[in-house]
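This report is meant for a reader who meets this structure for the first time. It moves from the pairing of strands to the nonpolar cores and then to a disulfide and two single residues.

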Amino acid sequence: MGKFDGIAGMAFQALSVDHLLPIWYPFVEGADEKVFSFYMGSVKNNTNNTQSELLIGGTDPKHHTGPFQYVPLNSATYWQFTLDNISLQREDDDGFVENGTWKEGMMSMNAIADTGTSMLIGPQAVVESINRQLGAVNVDGQHWVFNCTDMPKLPNVVFHFGGNAYPISPKEYIFETQGHCLSGFNALPGLDLFILGDIFLRRYYSVYDAGNKRLGFAVAN
């Protein structure tokens, strides 16, 4: 179990209990750039450069590669935006090709970026379809398990939003523990949006732009 002192809510005041001012509001208000950004370090390789970091008022260029790609918020409650599609990205003789979708028959799906969520959490039907397409097996009605020897052959899972594609590799969406390989895609019954938790946010440095009501992502170092 992780060790922590508490949870600081970083969503908007609209979600705050008793409409209290979120902790980040006064800090951002006094900054030149009304943003904050998160770099999620790795506990597997916790060198000096992989400590997690919250930066208020800007971004840290040593923690990302390339420019930020932005997506507008569709609701200033959570840091919520529109997820256009989710696909598989397999490698063949000609390079990577994408196939598979889990949004057939749906006009749109909301998604949120949430540093307080470890996994990739989505609607039950969508998550079950993703895990089955990837070849995972449901062992107890809740957890999905891979054959660890299959990991090198598994595809990337790609999230599409804001006109950009964000692939997550098998080594990122699978947890290896005590000889078992567990899927990082989990379902929450009744949920009607997708939560991009630390699996996604460890791969992509994120900037939360309150001034322009948008989210930005760049490949994390």
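Two strands are said to pair if DSSP finds at least two bridges between them. The model described here is a predicted one. With that rule in mind, strand β8 (residues 109-113) and β17 are joined by four bridges and run parallel, and within this pair Asn110 stands opposite Leu193 in β17. Strand β17 also pairs with strand β9 (residues 120-122), here in the antiparallel sense and over two bridges, with Leu120 opposite Leu196 in β17.

In a regular strand the side chains alternate between the two faces of the sheet. Strand β17 (residues 193-196) can be read in this light: Leu193 and Ile195 point one way, Phe194 and Leu196 point the other way, and all are buried.

Elsewhere, an open sheet of five strands has the order β2-β1-β18-β19-β3, with antiparallel pairing. Because β2 (53-56) and β3 (64-72) stand at the edges with a single partner strand each, one side of each is left without a neighbour in the sheet. From one strand to the next, the twist in this sheet averages 20 degrees. Strand β1 (residues 35-39) and strand β18 (residues 204-209) are an antiparallel pair with four bridges, in which Ser37 stands opposite Val207 in β18.

The largest nonpolar core has 46 residues, of which Phe159, Phe161, Tyr173, Phe185, Phe194, Phe200 and Phe217 touch the most other members. Helix α2 (residues 124-134) gives the largest share of this core, namely four residues. If neighbours within four places in sequence are left aside, Phe200 is in contact with Leu120, Phe159, Phe161, Tyr166, Ile168 and Phe217. Another core, of seven residues, lies apart from the largest one, and among its members are Tyr39, Tyr205, Ala218 and Ala220.

How many disulfides does the model contain? The count comes to one, a link that joins Cys148 to Cys181 with an S to S distance of 2.1 Å. This link of Cys148 and Cys181 is right-handed, with 120 degrees about the S-S bond. Cys148 lies in the loop between β11 (144-146) and β12 (156-161), whereas Cys181 lies in strand β15 (residues 180-183), so the pair ties together parts that are 33 residues apart in sequence.

His180 is likewise found in strand β15. Not counting residues up to four places away in sequence, His180 touches Cys148 and Phe175. The C-alpha atoms of His180 and Cys148 are separated by 6.9 Å, although these residues are 32 residues apart along the chain.

A further residue to locate is Gln89, which is found in strand β6 (residues 85-92). The side chain of Gln89 is joined to that of Asn156 by a polar contact of 2.8 Å. The table sets out the relative accessibility of four residues named above.

| Residue | Relative accessibility | Class |
|---|---|---|
| Gln89 | 15% | buried |
| Cys148 | 29% | partly exposed |
| His180 | 47% | partly exposed |
| Cys181 | 0% | buried |

The two ends of the disulfide can be read from the table: Cys181 is buried because its relative accessible area of 0% is under 20%, whereas Cys148, at 29%, is partly exposed.

Notes: Residues are numbered from 1 along each chain as its sequence is written. This is a predicted model: local features need pLDDT of at least 70, side-chain atom pairs count only at pLDDT 80 or more; totals for chains, interfaces and linings use all residues. Side-chain values use heavy atoms; hydrogens and water are left out. Buried means under 20% relative accessible area, exposed over 50%, partly exposed in between (1.4 Å probe, protein chains only). A polar contact is a pair of N or O atoms within 3.5 Å; within protein, one must be able to donate a hydrogen and the other to accept it, and residues adjacent in sequence count only if both atoms are side-chain atoms. A disulfide is a pair of cysteine sulfur atoms within 2.5 Å. A nonpolar core is a set of buried Ala, Val, Leu, Ile, Met, Phe, Trp, Tyr and Cys residues joined through side-chain atoms within 4.5 Å. Contact means heavy atoms within 4.5 Å. Axes are lines fitted to C-alpha atoms, for helices over the stretch in contact, and angles run from 0 to 180 degrees between N-to-C directions.
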